[in-house]
Amino acid sequence: MRSGNPVLKESTFLDLGSGAVVSRDGEVMTLNGTVNKTGFLLLLTVLTAAFAWTQALGPDGTPAPGFAVYVWGGAIGGLVLALVTAFKKEWSPVTAPLYALVEGFFLGAISALYNHLYEGIVMQAVMLTFGTLFALLFAYRTGLVKATENFKLGVVAATGGIALVYLATIVLGFFNIQIPLIHESGIVGIGFSLFVIVIAALNLVLDFDFIESGVEQGAPKYMEWYGAFGLMVTLVWLYIEFLRLLAKLQSRD
């Protein structure tokens, strides 16, 4: 296991038929290429997020008629594109940019609503997200944090547990049943959000290790898009969790 991120896994770099590493002379995955593509995906996300931000709310701050379209269209569209990319990684040069564009609509609409309810919260969440990204990248590059097998197993297990909790929340929500405490602004809810943020941040370390492994193994060039896409998935998750935590903290004031 190279990453707790469900779209990034060690078998991605292997030919499923022979089990050999897939590589192409002269057109292999590079670190600079992956970084550049990650920056491009971030730019696409910001562009559509900025557009959705201006359209999601009315003059009085209430959700505009198209708000649900941006939120649900972005969320469902992003999920579909993420699944397609995960199963058809060779399509990632096309599906990864599409994912970034669609996810931007969702993030922009949600961010506009959060910022209306808690002024300034979005900028704080953005700064915390990128601050965490660069801090974990520094820790990984300097060897302060190492992606050992036990480390990977622990993060993967915790990520799976969080996914089950969120899945249970969605399913129970259809029956108007709420999981108590963890989604509220009490001590337990804040503690849960902090735990989720820590796990999301640690997934960044595993994603760095995955990308570095692909570069070392000479993965095909399109895997730069796939690696950038996987990193984007983690960053989106981390940003949303920071929004949730900050909202809980501000609602206590």
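This tour moves through a predicted model, from the annotated spans to the nonpolar core and then to a patch on the surface.

Begin by selecting residues 39–57, 69–88, 94–114, 121–141, 153–175, 187–206 and 226–247, where an unreviewed UniProt entry places the feature "transmembrane region". Within that selection, isolate residues 94–114, over which the chain is 100% helix and 0% strand, with the end C-alpha atoms 31 Å apart. Then turn to residues 187–206, a span that is likewise 100% helix and 0% strand, and whose end C-alpha atoms lie 29 Å apart.

Next, show the side chains of L41, Y99, L204, F208, M223, F229 and L243, which, of the 64 residues in the largest nonpolar core, touch the most other members. The elements that give two or more residues to this core are helix 1 (31–56), helix 2 (67–87), helix 3 (92–117), helix 4 (121–141), helix 5, helix 6 (187–217) and helix 7 (223–251). Helix 7, with 18 residues, gives the most to this core.

Centre the view on F208, and leave aside its neighbours within four places in sequence; the residues in contact with F208 are then L133, L136, L137, Y140 and L231.

Finally, switch to a surface representation and select L164, L167, I170, V171, F174, F175 and I177, which form a nonpolar patch on the surface with about 770 Å² of accessible area together. One of these patch residues, L167, lies in helix 5 (residues 149–173). Why does L167 count as partly exposed? L167 is placed in that class because its relative accessibility is 49%, and the class lies between the cut-offs of under 20% for buried and over 50% for exposed.

How values were computed:
Residues numbered from 1 in each chain as written. Predicted model: local features only at pLDDT ≥ 70, side-chain atom pairs only at ≥ 80, totals over all residues. Heavy atoms only, no water. Patch = residues over 30% accessible without salt bridge, like charges linked within 9 Å, V, L, I, M, F, W, Y side chains within 5 Å. Areas by Shrake-Rupley, 256 points an atom, 1.4 Å probe, with all protein chains shown as cover. Salt bridge = Lys/Arg side-chain N within 4 Å of Asp/Glu carboxyl O. Helix = DSSP H or I, 4+ residues; strand = E, 2+ residues; numbered from the N terminus. Buried < 20%, exposed > 50% of the residue type's maximum accessible area, 1.4 Å probe, protein only. Core = buried A, V, L, I, M, F, W, Y, C linked by side-chain atoms within 4.5 Å. Contact = heavy atoms within 4.5 Å. UniProt positions renumbered as here; feature names shortened; annotations may be inferred.
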